[in-house]
Amino acid sequence: KDIDECATRSHTCRADQVCVNLRGSFSCQCPPGYQKRGDQCVDIDECTLRPYCHHRCVNTPGSYYCQCNAGFQLASNNHTCVDINECDANNPCAQQCYNILGSFICQCNPGFELSSDRINCEDTDECRTSSYLCQYQCVNEPGKFSCICPEGYQVVGGRTCQDINECETTNECREDEICWNYHGGFRCYPRNPCQEPYVLTSENRCVCPVSNTICRELPYSVVYKYMSIRSDRTVPSDIFQIQATTIYPNTINTFRIKSGNENGEFYLRQTSAVSAMLVLVKSLSGPREHIVDLEMLTVNSLNYRTSSVLRLTIIVGPYAF
């Protein structure tokens, strides 16, 4: 009967060897993962034999295991590496996450930009990037910006300021007044601007009756007109045309600025025998009001003289829009 030397421990195998019983004898073998070298068992480096692992192989005494690069994980076969979808597993991004092979990329919603950590998002201050976003003032908001306009204006198209016509919306003038809208506001003027000895003959036109002796030394008529211009208007600029309403034969008309031009902001250029153009020659900043008297002197062949005045109220808005 065969004696099992391995069972009776009568074998001579080393402690690092495995005893295998044979008929009438026994054999000393190396455990899995080891190979004989002489009478010793030495570890087999599986990582040098063949590509056991997809990415990295780590040798251990009698065995090995596989490791994956960052962004990958071992498949169920413990050899293959599969991509980790970081966006599905645990979204690390503050806003938008895009998975790529072995990693991920963070992006931000419109109006935000990636911070230095490439994960969080910081609000983009659009107002600091450009001074031309808004016509008047830019207000930064989380993820966006908005434009505001000064009092008397409203935002049009998101960025431009447009004058509000208060005379059509919130007319606060009395019944004996007319409302005049200008850039950035409005004014109330009397419907009857005539002062003694002038009398109102039609809307905004005052006449001094020839029957009144005082009128002989005064202009025959005074017409009241109103206009508005933007602040800091480019000069020189034609702003108002004066023209004779009645043309008499054999007369000569001359035009002049009678008053209101003490600082030389205006120039009156005669354009024809019956008309002249008021030219702005110095830039005006608002808000302010100018009252300019434009006079037309008429002389006939018999040396008869008469004059008429156009009293022009120029309202300069507070802004250049």
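In what order do the strands of the open three-stranded sheet lie? The order is β22-β25-β24. The legends below describe a predicted model.

**Figure 1. Overall view of the chain.** The predicted model has four helices and 27 strands in its chain. The radius of gyration is 49 Å, well over the 20 Å that the globule rule gives for 321 residues, so the chain is more spread out than a compact globule. Along the principal axes, the C-alpha atoms fill a box of roughly 165 × 40 × 30 Å. Of the 321 residues, 33% count as buried. The accessible surface comes to about 20200 Å², and carbon and sulfur atoms contribute 48% of that area. Among contacts with a separation of 6 or more, 35% are between residues 24 or more positions apart.

**Figure 2. Spans annotated as EGF-like.** An unreviewed UniProt entry lists "domain: EGF-like" for residues 2-42, 43-82, 83-122 and 123-162. In the span 2-42, the end C-alpha atoms lie 31 Å apart, with 10% of the span in helix and 41% in strand. For residues 83-122, the end C-alpha atoms are 29 Å apart, and the span is 10% helix and 40% strand.

**Figure 3. Hairpin of β15 and β16.** Strand β15 (residues 153-156) and strand β16 run antiparallel and are joined by four bridges. V156 stands opposite T160 of β16. Three residues lie between the two strands, and in this hairpin G157 takes a positive phi near 70°. In a regular strand, side chains alternate between the two faces of the sheet. Strand β16 (residues 160-163) shows such alternation: C161 and D163 point to one face and are buried, whereas T160 and Q162 point to the other face and are not buried.

**Figure 4. Open sheet of three strands.** The strands in the order β22-β25-β24 pair in antiparallel fashion. Its edge strands, β22 (237-243) and β24 (266-272), each pair on one side only. On average, neighbouring strands of this sheet are turned by 25° against each other, direction ignored. Six bridges join β22 to the antiparallel strand β25 (residues 275-280). Within this part of the sheet, D238 stands opposite V279 in β25.

**Figure 5. Open sheet of six strands.** The strand order is β19-β20-β21-β27-β26-β23, and the pairing is mixed. Strands β19 (199-202) and β23 (251-259) are the edges, each pairing on one side only. The average turn between neighbouring strands of this sheet is 30°, direction ignored. Strands of a sheet pair through backbone hydrogen bonds, either parallel or antiparallel. Strand β23 runs antiparallel to β26 (residues 288-300), with eight bridges between them. F255 has M296 in β26 as its bridge partner.

**Figure 6. Surroundings of T313.** T313 is placed in strand β27 (residues 305-316), one of the strands of the six-stranded open sheet. Is T313 buried or exposed? With a relative accessibility of 5%, T313 counts as buried, because the cut-off for buried is under 20% relative accessible area. Neighbours within four places in sequence aside, T313 is in contact with Y189, K225, Y226, M227, E289, H290 and I291. Of these contact residues, E289, H290 and I291 fall in the range 288-300 of strand β26. In the sheet order, β26 stands next to β27.

Notes:
Residues are numbered from 1 along each chain as its sequence is written. This is a predicted model: local features need pLDDT of at least 70, side-chain atom pairs count only at pLDDT 80 or more; totals for chains, interfaces and linings use all residues. Side-chain values use heavy atoms; hydrogens and water are left out. Two strands pair if DSSP finds at least two bridges between them. Axes are lines fitted to C-alpha atoms, for helices over the stretch in contact, and angles run from 0 to 180 degrees between N-to-C directions. The radius of gyration is taken over C-alpha atoms; the globule rule is 2.2 Å times the number of residues to the power 0.38. Buried means under 20% relative accessible area, exposed over 50%, partly exposed in between (1.4 Å probe, protein chains only). Contact means heavy atoms within 4.5 Å. Accessible areas come from the Shrake-Rupley method with a 1.4 Å probe; for residues, only the protein chains shown count as cover. UniProt positions are given in the numbering used here, feature names are shortened, and annotations may be inferred rather than shown by experiment.
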